[in-house]
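Colleague: I should like to request a close look at a single part of this model, namely one point of strand pairing. Please then continue from there to other features that deserve attention at residue level.

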Amino acid sequence: MTMVRQLSRLAPIDMPVDGRKRERAFALIDPVARLLPMRNIPTSLGDMAIDWRSSTERSLSYFFYNTLRFYTRSELGRYIEKVAAPGHMFVDVGANLGIYSLIARLNGMDAVAVEPEPAHARFLKRNTHIFGNVLDIAMADAAGALPLYYHPGASGATSLAPAPGYVKGEGSVAVSTFSQAADSGDLGVKDKVRLVKIDVEGFEVEAVRGMAAFLGEGHRPDLWCEVRGTSSKRAPDTCIEVCRILEGYGYVAYATDDFRRFSAEDPLAQNNVFDLLFTTGGQPTANVAGI
């Protein structure tokens, strides 16, 4: 298995955790890998324990270096590298397999991975020495329990928000708010929270509302939030409401491709899904973001 990882590492491809590229790679590698000893993934933070029955974890094992490279080279990965400092906290809301939490920890930050999907949460909890503290909850604007909705072809697209083509999962998941998690100490020292990533597939308005008490205390971490535009079939135009809420706390929104100031008139607002950076620290520059 080490040989498979090293060979894939040399290939000039980066790999997301799911999608068509992964499925094509499985067709080539699975028959060979089944003949090899299954081993955990060695990292500088310790061995990452893998459940070989899970397709997402198997993919991560085959293409660990390619996957890490893919996310490290992303806009958020580069931003984490630039703002990271020892003692600062990265809160990864909608962590999936926790790759951004891993990037934060590799750059000296502490991390909290927040992931309600049971299989992903089990993986993260099995590897807390890699990803940091793990909360197997969803974040919204009120505590309780809600069902998760799954996209059959995308393991990372689970959401509390229903949408066409999504299937309601069995049972429900625990739901809390960001402010409650902060008050309980699950996010560490509040003043040390430096960057919050929110990727909750259409439930971002509720997740941001759940930060009200935390923000009301004067805490102002940077927020990197996936939002939805006019063409989204799931919770369209969340970009407008998220901006409105955060502007009330002094935040300014920036497009993450070139860090221009974002407004509802920006052509980006017509897109399906995109990321925005919210900060109170002045306009980020291409140099700051490492782009």
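**A strand pairing and further local features**

Modeller: In β11, S176 is the bridge partner of M139. This is a predicted model, and the description that follows should be read accordingly. The bridge belongs to the pairing of β6 with strand β11 (residues 173-176), in which two bridges join the strands in the parallel sense. These strands are part of an open sheet of three, whose order is β6-β11-β7 and whose pairing is mixed. The edges of this sheet are formed by β6 (138-139) and β7 (144-146), each of which pairs on one side only.

A second parallel pairing is found elsewhere in the chain. Strand β3 (residues 89-93) and strand β4 (residues 110-114) run parallel and are joined by five bridges; among the partners, M89 of β3 is matched with D110 in β4. In a regular strand, side chains alternate between the two faces of the sheet. In β3, M89, V91 and V93 point one way, whereas F90 and D92 point the other way, and all are buried. Since five of the five residues of β3 are buried, this strand is largely enclosed by the rest of the structure.

The helices may be considered next. Helix α5 (residues 75-83) packs with α6 at an angle of about 25 degrees, and the two axes are 9 Å apart. Because of that angle, α5 counts as roughly parallel to α6. The crossing of α5 and α6 is right-handed.

Helix α6 also takes part in an aromatic contact. Over the whole structure, a search finds nine aromatic pairs. In one of them, the ring centres of Y71 and Y100 are 5.4 Å apart and the planes lie at 85 degrees, so the pair is edge-to-face. This pair links distant parts of the chain, with Y71 in helix α4 (residues 64-72) and Y100 in helix α6 (residues 99-106), 29 residues apart. Y71 and Y100 are both buried. The contact extends to F70, which ring pairs link with Y71 and Y100 into a cluster. An aromatic ring with a charged neighbour is that of Y166: R234 lies over its face, at 3.8 Å from the ring centre.

Two backbone conformations remain. Most residues other than glycine have a negative phi. A235 is not a glycine, yet its phi is positive, at about 45 degrees. This residue lies in the loop between β13 (222-228) and α12 (238-247). Its relative accessibility is 27%, and A235 therefore counts as partly exposed. In space, A235 and G202 are 5.3 Å apart, C-alpha to C-alpha, although 33 residues separate them in sequence.

F259 likewise has a positive phi, of about 60 degrees, without being a glycine. It is placed in the loop between β14 (252-255) and β15 (273-279). With a relative accessibility of 2%, F259 counts as buried because the limit for that class is under 20%. The two residues may thus be set side by side: A235 is partly exposed, whereas F259 is buried.

To return to the part requested, M139 is paired through its bridge with S176 in β11, and the strand β6 forms one of the edges of the open sheet.

Notes. Residues numbered from 1 in each chain as written. Predicted model: local features only at pLDDT ≥ 70, side-chain atom pairs only at ≥ 80, totals over all residues. Heavy atoms only, no water. Pairing = 2+ DSSP bridges. Helix = DSSP H or I, 4+ residues; strand = E, 2+ residues; numbered from the N terminus. Phe/Tyr/Trp six-rings, centres within 6.5 Å; stacked < 30°, edge-to-face > 60°. Buried < 20%, exposed > 50% of the residue type's maximum accessible area, 1.4 Å probe, protein only. Lys NZ or Arg CZ within 6 Å of the ring centre and 35° of its normal. Axes fitted to C-alpha atoms, helices over the stretch in contact; angles between N-to-C directions. Parallel < 35°, antiparallel > 145°, perpendicular 65-115°, else oblique. Left-handed = near helix turned anticlockwise from the far one by under 90°.
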